[in-house]
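Let's take a walk through this one, contact by contact. Have the viewer ready and follow along.

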Amino acid sequence: MGRHEDRQEEFREFAATRGARLFRTALLLTGGDWHAAEDLAQTALGKAYASWGRVRRADNRDAYVRSVLVRAHLSQRRLKSSGERPSAELPEGAYGDGDPALRVALLQALAQLPPKDRAVLVLRYWEDRSVEQTAAELGLRAGTVRNRSMSALARLRELLGGDRESLTTI
């Protein structure tokens, strides 16, 4: 196999092993929109493939591609030229095991947050990134990430309202 084929195989392996996690992050960023998440994950992987030489030299390939994903999401949100519209109904069977009512309530509340606030929460709490890692991936200062985290969590609690208690008890 030649160098080009080796790089292609290396990318295929990366995409196969990281694709599902990338999709889950995209699903959270898009507020539960399954199709938009698929598009977003494909966009990120496409951009990663196009610059695979740079990606493969990165200290942390996952973080690099996740940054591409988040930036692509924020860029799409800024364009506002998409003819697609969000749906109030979530697709059947789109989510794993776990409490469907909690997932739906949380995704609906996340979808109401501004894109950057949603990105901060997803990276900090679902992807378990530090403040510094989140700041680097979003191109923000650490203090900005802390402030956005606090205000976005407060807004999320407000959106969930009294349902928050009933959603977490059996």
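Which residue forms a salt bridge with arginine 18? The partner is aspartate 62, and the closest N and O atoms of the two side chains are 2.8 Å apart. This contact links distant parts of the chain, since arginine 18 belongs to helix H1 and aspartate 62 to helix H4 (residues 61-79), with their positions 44 residues apart in sequence. Neither end is hidden away: arginine 18 is partly exposed at a relative accessible area of 35%, and aspartate 62 is partly exposed at 29%.

Before going further, keep in mind that you're looking at a predicted model. Its average pLDDT is 83, and 81% of the residues score at least 70. Of the chain's elements, helix H2 (residues 34-50) has the highest mean pLDDT, at 92, while helix H9 (residues 163-168) has the lowest, at 54. Where pLDDT is low, the predicted coordinates should not be read in detail.

Back to the charges. The whole structure holds 12 salt bridges, and another of them also starts from helix H1. Here glutamate 10 pairs with arginine 56, again with 2.8 Å between the closest N and O atoms. Glutamate 10 is in helix H1 (residues 3-29) and arginine 56 in helix H3 (residues 52-57), so to speak a link between distant parts of the chain, 46 residues apart. Glutamate 10 is partly exposed, with 22% relative accessible area, and arginine 56 is partly exposed too, at 30%.

Now try a salt bridge in another setting. Arginine 129 and glutamate 127 have their closest N and O atoms 3.7 Å apart, and both of these residues are buried. They don't act as an isolated pair: salt bridges with shared partners join Arg21, Arg66, Glu127, Arg129 and Glu137 into one network.

Glu137 takes us to helix H7 (residues 131-138), where it is buried along with Val131, Thr134, Ala135 and Leu138. Why do these buried residues line one face of the helix? Look down the axis of H7: they fall within an arc of 165°, so one face is what they line. Just past the end of H7 comes glycine 139, whose phi is positive, at about 70°.

Next, the rings. There are 4 aromatic pairs in the whole structure. In one of them, phenylalanine 11 meets tyrosine 49 edge-to-face, at 5.0 Å centre to centre and 65° between the planes. Because phenylalanine 11 lies in helix H1 and tyrosine 49 in helix H2, the pair ties together parts that are 38 residues apart in sequence. Phenylalanine 11 is buried, at 10% relative accessible area, whereas tyrosine 49 is partly exposed, at 38%. Both belong to one aromatic cluster with Phe14 and Trp52.

Helices H1 and H2 are also tied by phenylalanine 23 and tryptophan 34, which sit 11 residues apart in sequence. This pair is edge-to-face as well, with 4.7 Å centre to centre and 70° between the planes. Phenylalanine 23 is buried, with a relative accessible area of 16%, and tryptophan 34 is partly exposed, with 24%.

One last stop brings charge and ring together. The charged end of arginine 124 sits over the ring of tyrosine 125, 5.2 Å from the ring's centre.

Notes: Residues are numbered from 1 along each chain as its sequence is written. This is a predicted model: local features need pLDDT of at least 70, side-chain atom pairs count only at pLDDT 80 or more; totals for chains, interfaces and linings use all residues. Side-chain values use heavy atoms; hydrogens and water are left out. A salt bridge is a side-chain nitrogen of Lys or Arg within 4 Å of a carboxyl oxygen of Asp or Glu. Helices (H or I, at least four residues) and strands (E, at least two) are DSSP runs, numbered from the N terminus. Buried means under 20% relative accessible area, exposed over 50%, partly exposed in between (1.4 Å probe, protein chains only). The arc is that of the directions from the helix axis to the C-beta atoms. pLDDT is the predictor's confidence in each residue, from 0 to 100. Rings of Phe, Tyr and Trp (its six-membered ring) pair if their centres lie within 6.5 Å; planes under 30 degrees apart count as stacked, over 60 as edge-to-face and the rest as tilted. A charge sits over a ring if NZ of Lys or CZ of Arg is within 6 Å of the ring centre and within 35 degrees of the ring normal.
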